[in-house]
Amino acid sequence: MTHKKPYCPVLFGRIFFLMSILVFTRTSAQTATDLSVRPATSRLEIKEGGVVSVGFIVTNTSLRERTVSATLVLPTGWRTVLREGTYNVKARSEDVRLVSFSFSPETEAGTYEVSYRATDPLVPGTTPEAAVSVVILPSRRLDVRLVDIPRYVGGGEVFITVFDVVNAGNVGGKVALTVKTSQGFPAILDSSTVTLGPRQRRPVRARVRTSSSLQGKTSTAVELHAVFTSDSTVQARMSGVTDVIPKTSEMKDEYHSYPLVVTGRTAGEDERLGGQVEISGIGALSEGGSDKLEVFLRTTDIQSQSSLGLRDEYRFRYTSPAGELRFGDWTYSLSPLTELSRYAFGGSGKASIGNATAGGFYNETRFYRPSQRQAGGFLRYEPVKGYSLGVQHLERREHVQAGVSSLRALLAPVQAALVDLEYGVSNAGGIQDKAFAGQFSARVPWGAFDARVVNAGGRYQGYYRDLSFGSLTLQTQPMRNVQTEAYFRSERRNRNNDTTQLFVPFEQVFQIGARYSNLIGLSYRKTLQEDLRKNPQYKRSEEIGRLRLGCALSFVDLFTDLDVGVTRNVLQGGTFPFRRYALFAALSPFASQTYTLSLDYAKDRNLYTSEHQERLSFGVGASVLLAQRTSLQGNVYWSHLEAVTRQEFTLLDFILRHEFSNRHQLSLRARKNYFVPGVRTADLAYVLEYRVPLAVPLHRSGSSSRLRGLVLGEDNKPVSNALVNVGNAAAITDSKGEFSVALPPGRHYLVLDKASVGLDRVTMQPMPMELDVREGREERTILNVVRGATIKADVSMKTFIESTDSLLDAGARSGILIEASNGLELRRRVSDSRGRVEFTELIPGKWTLRIVGGNIPSFHVLAPEKTDVSVAPGDQAVVSFSIVPRKRTIRIIQTEEPPVVHAEPDRREPSEPCLITYDPRLNGYMLQVSSWGTRSKAAERVRVAEQATGKKATVERATVPGVGVRYRVKVGLFSSATEAELACRVLQRLEMEPAHD
């Protein structure tokens, strides 16, 4: 018996449930991975803000079409250009989505992330995402814009110039600012450093103080320089120009003066004290300035009272085109082989006649004992420009009496080249000796060359003696900022091996180097020093390499040197290293402050004693403008030498200077130094000076001329700060309304600046005012400033009412030329479309107005022909002109034969009205006044119609059935039919009967 298993619905339900879970789980897993997003590029670099597009690839790997809803995730402040909506991606395919977004130009440079999310609405948990890195590249740009600068300022005044500093890039940072003026006026910024973000701007004000001692009108440029502190290559400049006009202070007679400076000086140190007076001056005695006198007197000698004291000096020099005279303490020279430079007390002179020049001197030393005397003379001849031959002779008395003579030639064979050759012979105590000197130098676009040689015997008595010398310098510049240099020098003394001298010294130096601008430089130097005796006392050499680095920014200059080398004592066999480090910096954070810093460190050995030496020095300097006329300069220097004997030196030096408004100057200088070891560890020296500039009048100016004037208002009160221009010269009136301008003789034109007295103000004198300035004379004038007057004029057309003598207003008349005159000035204006003319800024008084031409129809007259108007300051007057038709009389002349009347088929009766049509295309009315069988006849009527109506007239060709070709005369455009009808009546009055087809 077979048993069947019972049917169990619960079991089948459980199996179906488990299978459903498996299928759903598989489907969910497949759904989560069959939709993906990847970027077309993982990194995108852009320069500036704007619209950017990037692609994303959406892939569907499932077996069914997917619906995708996309979202673009952007950084804060960025915007989507086209919003991404819902789209379908087919089964087992991919879709490239191009999205666009924008960001502000103010966005700072950096890396930002843009994400793309794709979502299937049927499966909310599926949201694949991809990101692109958007790199905004740094862009650094600066811009400086001029906002405001006054047109002019008075001398001694302070004016403000406003600039805008703009960061035009996308990188923020600090910007260093400096300001300067072309005339050297002190300028101070309200801020020397500003911090700007991307696309930000900041107004900056420059305060400039002008000088009150100007001799004439001066234009000064105020320039602002901006530079990024993080990148000195990013710079910007902007400048503005203003005129500085001297203010009139006093009205004095003009004299030619000689400038002098008188200085009183007191110097002391410890308990010693001394006083000194100094008088100096350089100027011309004649007005033309062809000569010059130089004076310098300083007495007494106070150098023994203080280390800051000065010796007494006396010297005079007068030069003119004919020659030169000198007397006193000078440096006297003849030539290299006679006397090249000698400071002594004496006199000299030279004179030129044609191409020849002769001169001489005599002097005696003041500060050497026993005193030494010299007398010399020369004769030089220059046959052509650039070539000269000279003879020199020198007599000197020192230990022995000696005479030196030489022959010298100067040649310039080509431009920027020089050949200097000299041969000399000396005689002292019957012993003669010779010398030779030569120099050849040239400069070419790619570099320069210089060679020198001196060979003087051991008993030669000239400036060079007992010397064999030669040098060669070669500089090249292959590129703009690249320069190379090579230098060689050889020098030997004691050429005769004189045993009374300790050595026969010989020195040889060779150096080669190159540099790029001021940024970097490399050089190598080798020096040999040797005693050439058979038993030499020394022989040493030195080899040093130098690296120089430099950096010049807007407010700081930084330079550093590194010297590395060795020194050798050839006789003793020692070799010692040499090291030296040097640093120099100049800092100008403000226009009124400058600071310097120097640091020097060296380590080597003494070639004579072989002991170690270590030197360190440090210096700080400052120059500060404490106030407008007060400045402080200071220097601190310290040095330390570490050797067998320790040495240390400190120096403090300060100068405080103040300039008064009258140009007097007071200064105080103090110096204190410390030296260890020393008997006195500290010395304090000081000097107090008071300087007074003077102008000593020599004679009244014979060729100078001057214009003095007075500017008065309506109530005869003075007008101050008014700008008066006379050609290129200018002046500003003072509180009394006075001005003064120095002018060359001749004809000049004066103009009073309207903006300085008020735009509604005029002068009673017509501008420009013509002035005739005579030589050596002073001209005076008075300018009266009042409110300007205004006169308005209206011009209208009149016409007769038909069949009457009454006039009808035909409207305003444009294109009428009206003239206004007061006997001194003449002005003309043309009436506008409303028939109006306006004359403004007129000088008060009587004016005559008349119509002198323009668009006036034929057979018309003016009413009135002219009119007189009187206006007071600030008044306004109105006058009217009418253009009316002239009345004419018709006369019939009887002849012997009866007149023959010809019928004109193309003319109609005068009483027939004109044809007036509206043109919608032109939005106006056209008037057809006649029709003719020939074009020439119609053209004649065109000219008459234009004169009568003031409107444009044309000829239109038309074919009329039964008549043929006709040429119609049309006038227009008219704004209304009434206006066209009035024009028709005017034409009928002129017997121009309309005829129509």
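Which residue stands opposite Glu45 in β9? The legends below work through this predicted model, and that pair comes up in the second view.

**View 1. The whole protein is rich in strands, with 65 of them beside four helices.**
The model shown is predicted. Of the 997 residues, 37% count as buried. The protein exposes about 56300 Å². Carbon and sulfur atoms supply 54% of that area. Among contacts between residues at least 6 apart in sequence, 54% join residues at least 24 apart.

**View 2. Strand β2 pairs with strand β9 in the parallel sense.**
Strand β2 spans residues 43–46, and β9 covers residues 129–136. Four bridges link the two. Val135 in β9 is the residue that stands opposite Glu45. Strand β2 has two distinct faces. Leu44 and Ile46 make up the covered face. Arg43 and Glu45 make up the uncovered one. In a regular strand the side chains alternate between the two faces of the sheet.

**View 3. Strand β3 pairs with both β1 and β7.**
Strand β3 runs from residue 50 to residue 60 and is mostly covered. Eight of its 11 residues are buried. Strand β1, residues 35–39, runs antiparallel to β3 and is joined to β3 by five bridges. Strand β7, residues 93–103, is also antiparallel to β3, with 11 bridges between them. Strands of a sheet pair through backbone hydrogen bonds, either parallel or antiparallel.

**View 4. Val58 of β3 has a partner in β1 and another in β7.**
In this closer view of β3, Val37 stands opposite Val58. The bridge partner of Val58 in β7 is Asp95. Val58 thus links the two pairings of View 3, β1 with β3 and β3 with β7.

**View 5. Four strands form an open sheet in the order β47-β46-β49-β51.**
The pairing throughout this sheet is antiparallel. Its edge strands are β47, residues 729–732, and β51, residues 769–773. Each edge strand pairs on one side only. From one strand to the next, the twist averages 25 degrees.

**View 6. Strand β49 meets the edge strand β51.**
Strand β49 comprises residues 746–752. Five bridges join β49 to β51, and the two run antiparallel. One residue pair picks out the register here: His748 stands opposite Leu771 in β51. In the sheet order, β49 sits between β46 and β51.

How values were computed: Residues are numbered from 1 along each chain as its sequence is written. This is a predicted model: local features need pLDDT of at least 70, side-chain atom pairs count only at pLDDT 80 or more; totals for chains, interfaces and linings use all residues. Side-chain values use heavy atoms; hydrogens and water are left out. Two strands pair if DSSP finds at least two bridges between them. Axes are lines fitted to C-alpha atoms, for helices over the stretch in contact, and angles run from 0 to 180 degrees between N-to-C directions. Buried means under 20% relative accessible area, exposed over 50%, partly exposed in between (1.4 Å probe, protein chains only). Contact means heavy atoms within 4.5 Å. Accessible areas come from the Shrake-Rupley method with a 1.4 Å probe; for residues, only the protein chains shown count as cover.
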